[in-house]
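Me: I have a model open and want to go through its sheets, cores and odd loop residues. Can you take my questions as they come?

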Amino acid sequence: MKKSTPLIRKPWFEFLSSMRFAVSLLTILAIASIIGTVLNQNEALSNYAFKFGPFWFEIFQFLGLYDVYSASWFVLIMIFLVLSTSLCLIRNTPSFIKDFKSFRLKATSRSLKAMKHHHIYQHKIDPNIANSYLIAQGFSTRTEVKDDGQTIIAAKKGSASKLGYIFAHAALIIICLGGLIDSDLLLKTQILTGQIVPEKNAVYQNEFPEKSRLSSQTLSYRGNVSIREGNQANAVFLSTPSGFLVQELPFTVKLDKFLVEYYDTGMPKNFVSDITVTDKQTGQITQSQLRVNHPITINGVTLYQSSFGDGGSKLRFKAWNLVKPALPPVQLDAVSMNDFPLNLGNQAQYTLEFNELKVFNIEDNSQNNLQTPNQSLHEIRDVKINKNLNNIGPSIGFKLRDNTGQAIEYVNYMTPINQNDTLFFMSGVRKEVGESFQFLRIPADNEVSINGFMLLNAAFQNPQLRQKIAHKIALATGSRATEGFEDSVQKTMELFAQGGYVAVDQFIRTNVPEDKRQQMAQVFLQILHGATAQLFEEAQKEANIPVWTQDQQRDQFLLNSLLAMTDLHEYGSPLFLQLEDFEQVQSSGLQMTRSPGKNIVYFGSLLLVLGIFFMFYIRDKRAWLLFGPTQTIFAMSSARHNTELDKEFTIHTYHLEQHPSEE
């Protein structure tokens with residue numbers, strides 16, 4: 001009858017329990033952990049789409065890199081690592097325990113003489129004295145009389161180093177089990193079996209169906225919630241690849257007050273949430289302060305101060321009509337993080353979708369440009385690294401969506417920004433999420449306001465005023481061809497009003513021979529610049545505004561205004577929203593976690609430290625004394641050869657020689 005192969009000798013068992021397989025798994029986990037550390041985890045998917053673009057965004061999302069530690073492949077590798085390490089322990093622990101208990105009393109004179117560290121005494125040594133000496137040196141000893149009458153003393157110390165192997169491997173298993181408990185393995189299993197169904201369309205908590213809700217007794221979870229001052233939350237939202245889930249909390253958290261202190265540069269100095277926690281079952285009320293890096297734990301749930309932001313601030317705009325610039329600006333009141341219909345009468349219908357109000361924006365002054373915010377705008381945490389970064393004031397982002405669903409995104413800054421010693425009101429615009437903002441730069445007038453530009457823009461769109469200025473300029477030239485020159489001036493202003501420099505350039509390319517285009521362009525520019533100065537002066541007079549006396553600053557203002565008016569034709573909005581004032585309402589971003597596996601991981605980490613200490617700092621040493629009729633053999637060995645054993649062997653050899661037998 002064919003003898004069956006033992007389990008630990010089967011190929012699949014040897015492969016799964018091999019060090020090579022375990023090291024491969026650990027290497028993959030290490031690489032994944034690096035990715036999870038370098039790449040910010042669990043951010044909004046739109047942030048990743050903007051950062052990586054649509055192609056790589058889809059690939060990274062498929063690989064689960066936006067939540068590495070909960071990715072299916074990461075959890076699967078952890079399971080295999082637990083399996084591999086467990087099988088390795090099953091295979092090797094019995095032999096380690098056997099070796100831990102064994103004194104190796106079967107050593108012979110031949111085997112002892114084959115050891116590198118051995119010495120032969122040509123006289124007999126007293127066994128009792130030798131045994132006492134070894135015990136005094138920290139050895140555990142066993143004495144046995146062999147069949148041939150020889151006496152052998154076997155000694156050992158440092159056997160605990162064997163426990164180091166067991167502890168280290170057991171620690172890996174315990175740490176992985178703790179990690180698996182805190183992972184969303186159970187949640188994914190419930191989603192896979194249909195017990196839980198993530199919701200895709202719901203926005204508010206009360207819109208989630210029962211199958212998209214998790215009870216407060218869920219074993220482990222990690223969720224985020226943003227609470228406005230004065231508001232409360234009794235649940236957090238969990239994000240999954242197929243939608244969102246509502247995780248009920250065993251308590252209610254109310255944000256009483258949120259405090260932020262800033263450095264002069266705009267970097268947060270400190271931010272604190274004053275919260276009131278009410279237990280749902282007992283009604284017990286706990287008031288506490290939540291600070292960064294100072295979490296609190298209530299009913300097994302740990303609360304972290306993770307972020308802060310806008311909680312729906314009151315905004316006041318001055319809305320300038322760009323379609324009918326002659327109309328005076330109107331006041332528009334709104335609330336950030338909310339949508340508002342925009343009715344422009346006979347014009348198209350729009351919806352304003354406001355984002356969060358940012359009170360602080362950080363710019364690198366050394367660059368002196370704001371062409372692309374990705375290059376020159378920085379996060380607050382960078383301020384302490386670069387001394388050139390400074391706060392450029394509040395901004396509000398919003399989307400203007402038409403009735404077909406198409407949207408253009410804007411970001412407007414409240415205060416003018418200094419660029420090359422000139423102040424500009426900045427408004428960024430982009431039509432695609434993945435694009436960088438392109439900035440409309442409206443120059444500030446001599447009163448540091450936007451009024452001068454808007455006045456000039458309205459003047460260019462006024463045909464009667466253009467005709468008046470053209471006639472005035474033509475008369476001032478004293479030319480015989482006054483009427484023809486007047487038509488040229490009026491045509492130039494009309495072209496610019498219709499499309500800015502682009503329209504003038506297109507007219508020249510269409511109507512002027514190529515060899516005369518450059519010369520004619522200079523003529524058009526001279527006419528345009530002269531007419532602009534006259535137009536601005538006349539508009540100020542008609543508006544009963546003090547005339548800005550001609551100087552270098554005014555001339556530069558007019559040149560910058562012409563550039564801005566050209567860009568207005570690509571701005572894409574019927575209104576320019578100038579943020580005049582706001583009443584800030586802040587929100588606190590809290591992360592709430594239940595992680596029972598945390599203490600298990602801590603215990604495993606302690607066990608791993610002990611295991612490493614036992615393996616590297618405790619030496620397993622063996623010693624034998626074989627007493628023959630005329631001579632005594634002394635030998636020593638160690639699991640790892642080192643110079644310490646050389647010295648120790650020499651010392652023991654000398655001291656044992658000092659105790660000969662009296663027989």
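Reply: What follows is a run through the sheets, the cores, one helix contact and a few single residues.

Me: What should I know about the model before we start?

Reply: This is a predicted model, in which local features need pLDDT of at least 70 and side-chain atom pairs count only at pLDDT 80 or more, while totals for chains, interfaces and linings use all residues. Residues are numbered from 1 along each chain as its sequence is written, and side-chain values use heavy atoms, with hydrogens and water left out.

Me: OK, the open sheet. What is the strand order?

Reply: The order is 1-27-26-3-2, five strands with antiparallel pairing. Strands (E, at least two residues) and helices (H or I, at least four) are DSSP runs numbered from the N terminus, and two strands pair if DSSP finds at least two bridges between them.

Me: Which strands are at the edges?

Reply: Strand 1 (117-121) and strand 2 (140-145), each of which pairs on one side only. On average, neighbouring strands of the sheet are turned by 15 degrees against each other, direction ignored. Axes here are lines fitted to C-alpha atoms, for helices over the stretch in contact, and angles run from 0 to 180 degrees between N-to-C directions.

Me: How many bridges join strands 26 and 27?

Reply: Seven, between residues 621-627 of strand 26 and residues 632-638 of strand 27. Leu625 stands opposite Phe634 in strand 27.

Me: And Ala155, buried or exposed?

Reply: Ala155 is buried, at a relative accessible area of 0%; buried means under 20%, exposed over 50%, and partly exposed in between, with a 1.4 Å probe and protein chains only. Ala155 lies in strand 3 (residues 151-157). Beyond four places in sequence, Ala155 touches Leu134, Phe139, Ser140, Thr141, Lys621, Arg622 and Ala623, where contact means heavy atoms within 4.5 Å.

Me: Switching to the cores. Which residues touch the most other members in the largest one?

Reply: Phe317, Phe354, Phe460, Phe576 and Leu577, out of 64 residues in that nonpolar core. Helix 13 (residues 517-542) gives the most to this core, with eight residues. A nonpolar core is a set of buried Ala, Val, Leu, Ile, Met, Phe, Trp, Tyr and Cys residues joined through side-chain atoms within 4.5 Å. A second, separate core has 34 residues, including Leu16 and Tyr48.

Me: How do helices 10 and 13 cross?

Reply: The axes of helix 10 (residues 451-460) and helix 13 come within 9 Å and cross at roughly 110 degrees. That makes helix 10 roughly perpendicular to helix 13; the classes are under 35 degrees for roughly parallel, over 145 for roughly antiparallel, 65 to 115 for roughly perpendicular, and oblique for the rest.

Me: Which residues make that contact?

Reply: Among them are Leu455, Leu456 and Phe460 of helix 10, and Leu528, Leu535 and Phe536 of helix 13. By class, the contact has eight nonpolar, three polar and no charged residues. Ala, Val, Leu, Ile, Met, Phe, Trp, Tyr, Cys and Pro count as nonpolar, Asp, Glu, Lys and Arg as charged, and the others, Gly among them, as polar.

Me: Last thing, the positive phi values. Where is Asn544?

Reply: Asn544 is in the loop between helix 13 and helix 14 (552-568). Its phi is near 55 degrees, and Asn544 is exposed at 72% relative accessible area.

Me: What about Asn299?

Reply: Asn299 takes a positive phi near 55 degrees in the hairpin of strand 10 and strand 11, which has two residues between the strands. Those strands, residues 296-298 and 301-310, pair in the antiparallel sense over three bridges.
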